[in-house]
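Trainee: Please put the model up, and I will ask about some of its side chains.

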Amino acid sequence: MSAFFGYITNITYYLLFAALANMLAPAGKYRKFVALVTGFVLVMIVLAPLRGIGRDFDAAEFFAGVAGLPAVQGAFPQGEYARLHDTRLMAAFEEQLAIQLEAMLKRNNFTLYEASFSYTEDFSRITAVQAAVSREEESRRVPFIRIEPVQINRGQSEPESDPIAEEAKSLIADFYNLSREHIHVITRKR
């Protein structure tokens, strides 16, 4: 980061010097000559990092901090760039999955509240999906007083499943080509 700020500082000081030299030069052909020379030197200062690329110029040190990437002794720490790359790639991948899932559920009159995904390290296959959904039709017709039925489980092995959750689970299973055991859907009321 200090190399980058040093670069900007050099350009700033040179621009101040060039403006002063241009003001002190006598009018006429000398002023044009001073402007030509200072412009040429400014171009050389701006392009200085490009001259050193073939030699010992360290671009990682020069641009460290500009893109939020750390630099240690002129180079990235072992694995730091790969970790940062993977983190940004996972965030973008999960965001795209959520957008796709939300659009698919919206076409089928569902509202998606939350979604989380499990997938392989190479992003080639989704292994599990967890989602919180509600039916859009139900959220529109909320009565003034709402009484929820209570189900009592007396000796049954499993409580009855929620039909809305089962329908959403079927849609997600078909959309991602997953088995239903790897999909967990809960329903929410608005």
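Trainee: Is Y176 buried or exposed?

Mentor: This is a predicted model, in which local features need pLDDT of at least 70, side-chain atom pairs count only at pLDDT 80 or more, and totals for chains, interfaces and linings use all residues. Residues are numbered from 1 along each chain as its sequence is written, and side-chain values use heavy atoms, leaving out hydrogens and water. Buried means under 20% relative accessible area, exposed over 50% and partly exposed in between, with a 1.4 Å probe and protein chains only. Y176 has 12% relative accessibility, so Y176 counts as buried.

Trainee: How are the planes of the F117 and Y176 rings arranged?

Mentor: Rings of Phe, Tyr and Trp (its six-membered ring) pair if their centres lie within 6.5 Å; planes under 30 degrees apart are stacked, over 60 edge-to-face, and the rest tilted. For F117 and Y176 the centres are 6.1 Å apart and the planes stand at 75 degrees, so the pair is edge-to-face.

Trainee: Which side chain of opposite charge is nearest to K169?

Mentor: Lys and Arg count as positive, Asp and Glu as negative, with His and the chain ends not counted. A salt bridge needs a side-chain nitrogen of Lys or Arg within 4 Å of a carboxyl oxygen of Asp or Glu. K169 is buried and has no salt bridge. At 4.2 Å, the nearest side chain of opposite charge is E166.
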